[in-house]
Amino acid sequence: MGVLKSLITNQDDIGAALNAGLATAVGAEIIEGLKYVGGEDPYAGDSGIGFVPDPIIRSLGVPLVTGDIPGVAVVLGKADSAADVAKVVKDYQSKGIMTFMIGGCIEQALEAGVKMGLELRVVPLGHDVTSVIHVVTVAIRAALIFGNIQAGDLAGLLKYTKERVPAFVNTFGALDPVVVSAGAGAIALGFPVIVDQDIGDLQVPGALEAVTNHDETAKHSLALRNIKIKVKELPIPVAFAAAFEGEIIRKADMKVEFWSSKNTTCELVTMRDAAQVEDHRIVVDGPDIDSGDTEYALATYIEVYGAKMQKDFESVIERKIHAWFNYMEGVMHTGQRNQFRIRVSNDAYDKGLRMKHFGEVLYSMIMDEFDAVVDKCQITLVTDPEKAKKVLDEEAMPAYSARDDRLNSMTDESVDRFYTCILCQSFAPSHCCVVTPERLGLCGAVSWLDAKATKELNDAGPCQPISKEGCTDEVKGYYPDVDRMVHAATQGAVEHVSLYSIMEDPMTSCGCFECICGIEPFSNGLVVVNREYKGMTPTGMTFGELASMTGGGVQTPGFMGHGRHFIASKKFASAEGGIARIVWMPKELKDDVSARLNATAKELLGIDNFCDMIGDETIAEDAESLLSFLTEKGHPVLGLEPLM
Ligand code: SF4
Ligand code: ZN
């Protein structure tokens, strides 16, 4: 408190005002922190959520860097009219902006029909002004997690939030002294504040501005932070935005459904010759959703032609169907290939949404995102059950199995290049992923095929080829060009990277990894933890504590971030004995990867049902009981050399 008081000097000086603002922020942090003393959730029963845990911040990494979430809005106060708040928040939502709300504006927005939730990108924090700190700490922890900023480095921190966190603040209603000083804190962090009151000559251009016309609030706020939104005007009767990706449509709200368990379904993208594709041809073959039924078959059959199109890109495009359909307000899509479920809400139906609009969405998005490889595209939506079955049997199934064969045969040895991915550098400036066929990017979202397609779509983009020439150590996976490319991509921050060792020059981590593995010295094994797991691990550390060992482009021998899919890879820590090192995983993760991991173990170690030998939280949460479990099961790690 002494430090805080010393920062509040009441001098008529902008620097002093900003310091007072930072003091207010720390004061808010103390007040909010105290609410948690005692262990109970002070926000239980409140419409706000309060503290935002680290795993959520990590999960925001990729959508922020890809521009899926183009910015972060902090909306605070209580407006003179609820409609004003709703208008602004809905505008942000339609643009994919992540909005955090504080104060009476939450109820005002709810009243006016704004749908809220993390998945919907509108997050109510709390009603006291001090709860604004829960979004401020998101920015601060982003700097610690992704930016490798050290605690205590105030200058580094302020530089990071100003340059790399695209946030801004909108206040509604009358300003009181606490709101004003919290606003000064925001400005100190580099976040401009836009108030809806006339404040005359108190405005500071670029930092504190008044916009009294709410029609202009969003536009002006985005401009201040230089956030550019690619507006997609699609010829469909419902909204289309990434913010609707997480929307859930319950049975009671559902008009029609396409579901594999009930009817034939499949999705297929296939490449054709120029003459076989008529550009922008959209055909609905069978009944439309207004024919009276509630359940339909659906074969989504997309044919593309492009001079630079490759067979390998079919699945890359196809996998995007899931997101694009979800972006339609009132449409929910889960699954892929021949196993999916699509629901259309009553509301979307009443607005006029029909099958041809699904076709328009696919056409527009393919031509927008894949224009570098697709010159022409035609779409057939087959709802006739017999014809859909024909597409499934004669086109889709053979294509899926050919693709699976290709994927299975694709190993690090069978290709002539790997790829870098530096997408996360906007947050983690000294991080670079090396993506290989057997190891996808640590976010889980970038496979080798994705990286290859990214290079084709954007020649100077985030994924660049790495030559495999001149390998100097096949076991640990040292390649001169890996070192050269990573060194260059990280502006010299990283000298050497091994592809297959976690003890020697392991790959760097940005922070958005799906899982982290770390050594468990007692058994000489590795525990693997996914970011959703909240409990303790036998290392004596939680996911968050393990995760803080690495990140921000740092290499920490013994700890490494990676994707879920990598766990069953033959290349997982292969220099140290591979999957035979895995001794513990949270149960949910183990169940998720067990089919593939068991298959790999059978092939590499000759062990059946390997996952039965791996501990989880229902078996052991401490190192000693884990070791006795491993001993009882005869886990192969016990025969390996010590890790250290
Ligand atoms: Fe970020 Fe790596 Fe994923 Fe690329 S592959 S988006 S750098 S985590
Ligand atoms: Zn990342």
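In this predicted model, Leu76 stands opposite Thr171, a residue of strand β4. That contact belongs to a run of six bridges through which β1 and β4 (residues 167–172) pair in the parallel sense. Strand β1 also has a second partner: five bridges join β1 to β2 (residues 98–102), and these two strands likewise run parallel. Here Val74 is matched with Phe100 of β2 as its bridge partner. In a regular strand, side chains point alternately to one face of the sheet and the other. What, then, is the setting of β1 as a whole? Six of the six residues in this strand (residues 72–77) are buried, so β1 is largely enclosed by the rest of the structure.

Turning to the metal site, the zinc ion (ligand 2) is coordinated by the SG atoms of Cys424, Cys510 and Cys512, at 2.1 to 2.2 Å. Along the chain, these donors follow the spacing C-x85-C-x1-C. Cys424 sits in the loop between β15 (417–421) and β16 (433–435), while Cys512 sits in the loop between α16 (480–489) and β18 (515–520), so this pair ties together parts that lie 88 residues apart in sequence. How exposed or buried are these two cysteines? Cys424 has a relative accessibility of 12%, under the 20% cut-off, and therefore counts as buried. Cys512, at 2%, counts as buried because its value also falls under 20%.

Both of these residues appear again around ligand 1, whose shell includes Cys424 and Cys512 together with Cys510. Other members of the shell are Cys421, Leu423, His431, Cys433, Gly441, Leu442, Cys443 and Val446. By residue class, the surroundings of ligand 1 comprise nine nonpolar residues, two polar and no charged.

A final feature is enclosed space within the protein. The count comes to one cavity of 30 Å³ or more, and the largest cavity holds about 50 Å³ of space. Which residues line the largest cavity? Among them are Cys433, Gly441 and Leu442, which also belong to the shell of ligand 1. The rest of the lining is made up of Val434, Arg439, Leu440, Met507, Thr508, Gly561, His562, Gly563 and Phe566. Strands β16 and β20 (559–562) each supply at least two residues of this lining. In character, the lining divides into six nonpolar residues, five polar and one charged.

Definitions and conventions:
Residues numbered from 1 in each chain as written. Chains lettered and ligands numbered in written order. Predicted model: local features only at pLDDT ≥ 70, side-chain atom pairs only at ≥ 80, totals over all residues. Heavy atoms only, no water. Donors = N, O, S within 2.8 Å, 3.2 Å for Na, K, Ca; no water. Helix = DSSP H or I, 4+ residues; strand = E, 2+ residues; numbered from the N terminus. Buried < 20%, exposed > 50% of the residue type's maximum accessible area, 1.4 Å probe, protein only. 1 Å grid on protein atoms, 1.4 Å probe; cavity = no way out; pocket = protein on both sides within 12 Å on 5 of 7 lines; lining within 4 Å. Points joined across faces, edges and corners; volume = space filled by probe spheres on them. Nonpolar A, V, L, I, M, F, W, Y, C, P; charged D, E, K, R; others polar. Near = heavy atom within 4 Å. Pairing = 2+ DSSP bridges.
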